[in-house]
Each structure stands twice: as structure tokens, then as C-alpha cells.
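Visitor: Please show me the model, and then let me ask how each label you attach to it is justified.

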Amino acid sequence: MGCREKGKHFLAEILYGLYRIGILKNPLHVSDLDSTIDELLATEKSFVRFGDGEIRLIEGESLPLQRANPELALRLKEIISLESDKLIIGIPDIFGSLSRYRRESRIFWKEHLLFYRKKYEKYCGSQIRYYDAFFSRLYYMYHDRELSRQRFEKMKKIWASKDLAVIESKSSHIGVDNDLLVGARSVKRIICPEENAFAVYDVILHRALEYPPGTMFLLSAGASAKLLAVDLTRAGYRALDIGSLDMEYQWYCMNAEEKCHPPKKNCMTRQQDMQAGYYDYLEQIDVMIDRNGNKKEI
């Protein structure tokens with residue numbers, strides 16, 4: 001570890017300690033992961049998650065898979081402080097104790113807070129009850145893998161017996177090679193671009209609004225998922241921004257000790273999906289939307 005990294009680590013530890021002992025006050029209120037899952041089980045509320053990527057977009061920065069856009073930034077800024085009785089908003093549960101996380105995760109989030117704590121405070125509403133954005137990260141960060149099992153099983157009940165519409169990129173393959181969606185009554189899919197999905201946002205939303213009432217949406221579409229969750233909720237649907245949940249569940253099923261790239265994420269063509277035996281997945285695809293907004297009905 002170089003001098004710069006040691007200095008960053010030292011400052012992060014000091015700042016974290018000052019908040020932990022109460023010398024510095026945290027104005028943000030985040031319900032823990034179990035309370036988040038319980039809220040989504042007990043209600044019909046939608047869910048949208050925010051992290052450092054969305055904060056960076058709000059501030060005009062680009063991400064690897066999403067270019068900066070003033071309209072996108074404005075909508076994200078509005079959503080992160082939105083108060084609604086039909087939707088809950090998640091931010092990382094990192095502003096209190098980090099003891100439940102693995103050592104490397106604790107180090108990462110302490111250093112994250114060194115740079116982003118004030119940014120969260122700037123854009124989040126101090127009077128809003130936030131929920132845990134780590135709904136999408138139930139496995140890798142935690143010491144207790146048995147608790148991860150219990151949470152996954154509980155979480156899957158949220159969409160049990162529901163008609164699902166999954167909005168995802170081509171590489172996602174949510175619920176493929178695992179039983180994440182096995183309890184759903186039906187599954188349909190809208191495949192959107194891997195990069196800069198916001199450029200064709202109106203096309204994605206328009207196609208999603210064609211699904212019948214009662215459809216539940218699972219969203220894994222980067223920053224555009226935040227907007228979709230809100231707009232679909234306003235249209236009368238329930239929508240959950242699940243982000244990288246499938247990746248975490250895949251690691252859990254593999255009993256992975258380190259992060260890895262499941263082979264299904266490399267299937268980017270119909271031929272590759274067929275070679276892998278993903279016939280059910282291919283039959284579930286209703287439409288593929290390319291980066292120009294062109295729709296290929298399947």
C-alpha cells in the first residue's frame with residue numbers, strides 16, 4: 001500500500017470513527033436490509049435504489065455504461081428526494097455501523113464515505129425514511145452466509161405467483177441458470193441496450209406500458225431503471241429496481257468466495273443462447289431494443 005493509499009485509509013478511519021462515537025452527526029435515516037425486505041413483502045410499493053453512480057450522474061459525470069445527460073441528472077436529483085406512498089427509495093446502509101460486512105467491504109465503504117458522505121447529504125432529504133439499497137447485494141459483502149440464504153428465500157416471495165416483466169440488458173440473463181424467478185407465474189422480457197439506455201428511454205417505457213395491469217416489473221437497466229421505477233409506478237404498475245441481484249444470487253448458488261463472471265453473462269447472441277440451452281429464456285423475450293431505439297419483436 002503506497003503513501004497515498006495509506007493516507008486515504010487513515011482519513012477514512014478517522015472520519016468513520018467520529019460519526020460512530022457521535023462527535024459528527026448523521027442526518028440520514030436508512031432502514032436496515034431486513035426491514036427493507038419486510039416492507040416490500042408486506043406492501044405493494046415499488047423500489048428504486050441509489051448509489052455513488054447515480055450521485056456522479058447527478059453531478060454531471062459520465063459512467064462506463066451511461067454518458068452524462070442534463071435531463072437524466074435532473075430526473076435523478078428529483079427522484080432521490082421524492083416522497084411517495086407508493087414507492088420507497090434505497091440508499092446504501094453505510095452511515096451507521098459496518099460491522100456486519102466483510103473486512104474488505106468495510107474498508108471500501110469507509111473510503112467511499114470519505115468522498116461521498118456529504119454528497120449523499122446534499123441530495124437526500126433528511127426527513128425521508130430511506131431503505132437499504134443493498135437489497136441487490138445479499139451475499140458477497142456479508143459475514144453470515146446463512147443469513148444470506150434466509151434473505152434470498154424471503155425476497156423471492158415478493159414476486160411469487162406474479163406475472164413478471166423483466167427489463168434488462170442482453171448480458172444480464174436474470175433468473176437463467178438459477179431459480180431466482182422460478183416462483184413467478186410467468187416471465188416476459190424487454191432487452192434494452194447495454195450502454196446509454198437513457199438515449200432510448202422513451203422507447204423502453206412505451207413498450208413497458210403495453211403490458212397488462214397487474215404486471216410486476218423487475219428492472220436491471222442502470223440509471224434508467226430509476227426513472228422506469230417511478231414512471232411505471234405512476235402508471236399503476238409495481239416496479240422493483242433489482243440491479244445486480246441476479247449476479248449476487250448466482251455467486252450464492254455457486255458458494256463463491258470471490259467475485260467471478262458467470263458464463264451466462266457472455267451470451268450476447270441468439271446462437272450463443274441456443275448453444276447454452278437457454279431456450280426458455282429466448283421464448284420469454286418479447287422485444288429487443290437496440291441503441292438506436294429500433295425494436296425487434298421476438
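Visitor: Why are Glu121 and Lys118 said to be separated by about one helical turn?

Guide: This is a predicted model, and in it Glu121 and Lys118 are 3 residues apart in helix H5, which covers residues 103-123, so the spacing comes to about one helical turn.

Visitor: What makes the contact between Glu121 and Lys118 a salt bridge?

Guide: The name requires a side-chain nitrogen of Lys or Arg within 4 Å of a carboxyl oxygen of Asp or Glu. For the side chains of Glu121 and Lys118 the N to O distance is 3.3 Å, and therefore the pair meets the cut-off of 4 Å.

Visitor: Which of the words buried and exposed applies to Glu121, and which to Lys118?

Guide: Buried means under 20% relative accessible area and exposed means over 50%. Glu121 has 19% and is therefore buried, whereas Lys118, at 56%, counts as exposed.

Visitor: What makes Arg185 and Asp163 a salt bridge, and what does the pair tie together?

Guide: The side chains of Arg185 and Asp163 meet at 3.2 Å, N to O, which is within the 4 Å that the term allows. Arg185 lies in the loop between strand E5 (163-169) and E6, while Asp163 lies in strand E5 itself, so the salt bridge ties together parts that are 22 residues apart in sequence. Arg185, with 60% relative accessibility, counts as exposed; Asp163, with 27%, falls between the limits of 20% and 50% and is therefore called partly exposed.

Visitor: How do you know that Arg238 forms a salt bridge with Glu44?

Guide: The closest N and O atoms of Arg238 and Glu44 are 3.9 Å apart, and the limit is 4 Å, so the pair qualifies. Arg238 lies in strand E8 (residues 238-241) and Glu44 in the loop between H2 and strand E2 (46-49), so this salt bridge ties together parts that are 194 residues apart in sequence. Arg238 is buried, with a relative accessible area of 7%, whereas Glu44 is exposed, with 56%. The structure holds 26 salt bridges.

Visitor: Why is Thr36 called buried, and which residues does it touch?

Guide: Thr36, which lies in helix H2 (residues 33-42), has 0% relative accessibility and therefore counts as buried, the term being used for values under 20%. Leaving aside residues up to four places away in sequence, Thr36 touches Ser31, Phe47, Tyr131 and Asp132. The C-alpha atoms of Thr36 and Gly90 are separated by 8.6 Å, although these residues are 54 apart along the chain.

Visitor: Why is helix H9 described as largely enclosed?

Guide: In helix H9 (residues 245-254), 8 of the 10 residues are buried, so the helix is largely enclosed by the rest of the structure. Among the buried residues are Leu245, Met247, Tyr249 and Trp251, and the cover over the buried residues of H9 includes helix H6 (145-156). H9 is followed by Asn255, whose phi is positive, near 55°.

Visitor: How do you know that strand E9 pairs with E6 and with E10?

Guide: Two strands are said to pair if at least two bridges are found between them. Strand E6 (residues 186-192) is joined to E9 by 3 bridges, in the parallel sense, and E9 is joined to strand E10 (residues 295-297) by 3 bridges, in the antiparallel sense, so both cases meet the requirement. Met288 in E9 stands opposite Ile191, and the bridge partner of Met288 in E10 is Lys296. E9 and E10 form a hairpin with 5 residues between them, and Gly293 in the turn has a positive phi of about 85°. Strand E9 (residues 285-289) is mostly covered, with 4 of its 5 residues buried.

Visitor: What makes the radius of gyration of the chain agree with that of a compact globule?

Guide: For 298 residues a compact globule would have a radius of gyration near 19 Å, and the chain has 19 Å, so the two agree. The C-alpha atoms fill a box of roughly 60 × 40 × 40 Å along the principal axes, and buried residues make up 53% of the chain.

Note on methods
Residues numbered from 1 in each chain as written. Predicted model: local features only at pLDDT ≥ 70, side-chain atom pairs only at ≥ 80, totals over all residues. Heavy atoms only, no water. Rg over C-alpha atoms; globule rule 2.2 N^0.38 Å. Buried < 20%, exposed > 50% of the residue type's maximum accessible area, 1.4 Å probe, protein only. Helix = DSSP H or I, 4+ residues; strand = E, 2+ residues; numbered from the N terminus. Contact = heavy atoms within 4.5 Å.
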